[in-house]
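Biologist: Could you take a close look at one helix for me, and walk me through how it sits among its neighbours? I'd be glad of a connected account rather than a list.

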Amino acid sequence: MTSSVPAGDPAFFERLRRAFRGASLLGLAQIGGLAVFLIVGEIIRAKKRPFFGFLSSSLTSENRIILRYAFFAAAVALILLLRFLHGRRLRVIGAIDDRPAALSRLFDLTVLTLCLAEIPALLGLILFLIAGYNRDFYILLFVSLFLLFMYLPRLKNWEDILEHRPPACPL
């Protein structure tokens, strides 16, 4: 694979590949974590059939609806924050002339973005455990899966950012 970034500096190219590999493995591990969330939810549903949530008896139907909307609103706010934060930070990183410093910031941004992308699934799991809303859990789990795939690092994008070229699809 040819690359424009390592042309004059093989040490930097190796550092780039190590950072990229670490960020990619983190993203793949988080996708595996979503599978664990799904398995835990399904085990609980199977063992406690029908499952209405651990706190559903203490919640009124009005409070259950408010809780549901609050969790979905938090997920939407997180998605908007993620889009804003990621795009803005990429522009800042792309303007840094020191490539090792830019790589360090790009790695940090990727880790933060991937961690934030997992939060909707966590919110869905909590909502499921509290109120027993398994459909909402699946929806929020899918949202997290979509975000993780969307923000999973791509070597070509990293190279473009480090060469002060915006990626083809700046997310």
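Modeller: Happy to; what follows is a tour of helix H1 and the helices it meets, with most time spent on H5. Please keep in mind that this is a predicted model.

Let's begin with the pair H1 and H5. Helix H1 covers residues 10–47 and helix H5 covers residues 134–151; their axes come within 10 Å and cross at roughly 170°. Since an angle over 145 degrees counts as roughly antiparallel, H1 is roughly antiparallel to H5. On the H1 side, the contact is made by Gln30, Ile31, Leu34, Phe37, Leu38, Gly41, Glu42 and Arg45. Facing them from H5 are Asn134, Phe137, Tyr138, Leu141, Ser144, Leu145, Leu148 and Phe149. Sorted by class, the contact of H1 with H5 holds 10 nonpolar, four polar and two charged residues.

One of the H1 residues in that contact, Gln30, deserves a pause. Glutamine 30 is a buried residue, as its relative accessible area is 6%. Leaving aside residues up to four places away in sequence, glutamine 30 touches Leu114, Cys115, Glu118 and Leu148. Leu148 belongs to the H5 side of the contact with H1.

Now to H5 itself. With 18 residues at 1.5 Å a residue, H5 should span 26 Å, and the 26 Å between its end C-alpha atoms agrees with that. Its buried residues are Asp136, Phe137, Leu140, Leu141, Ser144, Leu147, Leu148, Met150 and Tyr151. These buried residues of H5 pack against H1 and H4, and also against helix H2 (61–94) and helix H3 (99–117).

That brings us to H4, which H1 meets as well. The axes of H1 and helix H4 (residues 119–131) come within 11 Å, crossing at roughly 10°, so the two helices are roughly parallel to each other. Here Leu34, Phe37, Gly41, Ile44 and Arg45 of H1 meet Ala121, Leu122, Leu125, Phe128 and Leu129 of H4. The contact of H1 with H4 divides into eight nonpolar residues, one polar and one charged. Leu34, Phe37, Gly41 and Arg45 appear on the H1 side of the contact with H4, and they are also among the H1 residues that meet H5.

One last stop lies away from H1. Aspartate 160 sits in helix H6, residues 155–162, and is buried, with a relative accessible area of 9%. From C-alpha to C-alpha, aspartate 160 is 8.5 Å from glycine 94, although 66 residues separate the two in sequence.

How values were computed. Residues numbered from 1 in each chain as written. Predicted model: local features only at pLDDT ≥ 70, side-chain atom pairs only at ≥ 80, totals over all residues. Heavy atoms only, no water. Axes fitted to C-alpha atoms, helices over the stretch in contact; angles between N-to-C directions. Helix = DSSP H or I, 4+ residues; strand = E, 2+ residues; numbered from the N terminus. Parallel < 35°, antiparallel > 145°, perpendicular 65-115°, else oblique. Contact = heavy atoms within 4.5 Å. Nonpolar A, V, L, I, M, F, W, Y, C, P; charged D, E, K, R; others polar. Buried < 20%, exposed > 50% of the residue type's maximum accessible area, 1.4 Å probe, protein only. Expected span 1.5 Å × (residues − 1).
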